[in-house]
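Here are my notes on the empty spaces and the ligand site, as promised. Have the model open while you read.

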Amino acid sequence: MANGLRFSQMQKPTSIRELSEFVEQCDRCPRLRAYCSKVALEKKAAYRDQTYWGGPVGSFGDENAELIILGLAPSAHGANRTGRLITGDKSGEWLFRALFETGFSSHPKSESRTDSLVLTNAYITNVIHCAPPENKPTPEELIQCGRHLNLELNLLQNKKVILALGAIAYQQTSRTLNLFRAQRFTHALEVQVPDGPLILCSYHPSQQNTFTGRLKWDAWIEIFRKAKTRIEQCSTGPA
Ligand code: SF4
């Protein structure tokens, strides 16, 4: 892995593919890089025979997508193991089933970087691309990885709906799109960015939310139906 790559030390990524490659070589956050490597070495008993990814996890999906899904961070034994965002844990099971049922994904399950899953008109990224201890990035780490998100949203020219999974994703999206007086996060909140995309909010499909019933399947799938409707409305214009 390259050491301490900065935009200033190399040509700034000019495509989504270049940015993803850049993110996967990043080591701006020593605490997170050390934690991901440690987890990858120690492993969870259930995954003892697997080789963990253990590095920053790049975004993936359709570069021309109108739906951008913004999660929080790779989980220690999920994306930090599989190397694909929101893959390898319970959150991923909910996400890809919903994407499949609403026509954005070729498969209802995401298993690894090398499976045959294809996203159509959808793109998945995270606020933070390295797994943080206890799923809690520091403010400084949010700033560091926010630079990637800023560039990414500029490169995703067709974005119409940004689905923010959880309050931190919503706050980071608002900051990146210069919404300085953002409304308070609630599930199903819709915020139209002037001359920009619609931000649609949802509770994150983490076990903390799905096991407790805070997020139920009906409310979750409705978010994707709404995203699809809003995209169609953007394409056809006001009635
Ligand atoms: S969290 Fe983001 S900025 Fe920090 S090391 Fe990982 S990829 Fe780089």
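1. Start with the largest pocket of this predicted model. Its lining counts 34 residues, and S91, N135, H204, S206 and Q208 are the ones nearest the centre. Helix 4 (90-101), helix 6 (167-176) and helix 7 (207-210) are the elements that put two or more residues into that lining.

2. How much space lies in the largest pocket? About 870 Å³. As for the chemistry of its walls, the lining residues split into 15 nonpolar, 13 polar and 6 charged.

3. Next, the second largest pocket, with a volume of about 370 Å³. It has 15 lining residues, and those closest to the centre are S20, S59, F60, G61 and R113. By class, the lining of this second largest pocket comes to 4 nonpolar, 5 polar and 6 charged residues.

4. Which elements should you look at around the second largest pocket? Helix 1 (16-23) and strand 1 (60-61) each supply at least two residues of its lining. Helix 1 has the largest share there, with 4 residues.

5. Now for the enclosed space. Searching the whole structure turns up 1 cavity of 30 Å³ or more. The largest cavity has a volume of about 90 Å³, and among its 14 lining residues C26, C29, C130, C145 and H148 sit closest to the centre.

6. Two elements, helix 2 and helix 5, give two or more residues to the lining of the largest cavity. Helix 5 makes the largest contribution, 3 residues. The class count for this cavity's lining is 8 nonpolar, 3 polar and 3 charged.

7. What takes up the space of the largest cavity? The ligand does. Around the ligand you'll find C26, R28, C29, L32, R33, P56, I128, H129, C130, Q144, C145 and H148. If you want to click through a few, C26, C29, C130, C145 and H148 are in this ligand shell and are also the residues closest to the centre of the cavity.

8. Last, where the shell around the ligand comes from. Helix 2 (30-42) and helix 5 (139-155) each provide at least two of its residues, and helix 5 gives the most, with 3. Sorted by class, the ligand shell holds 7 nonpolar, 3 polar and 2 charged residues. When you read that nonpolar count, bear in mind that Cys is put in the nonpolar class.

Technical notes
Residues numbered from 1 in each chain as written. Predicted model: local features only at pLDDT ≥ 70, side-chain atom pairs only at ≥ 80, totals over all residues. Heavy atoms only, no water. Near = heavy atom within 4 Å. 1 Å grid on protein atoms, 1.4 Å probe; cavity = no way out; pocket = protein on both sides within 12 Å on 5 of 7 lines; lining within 4 Å. Sits in = over half its atoms within 2 Å of the grid points. Points joined across faces, edges and corners; volume = space filled by probe spheres on them.
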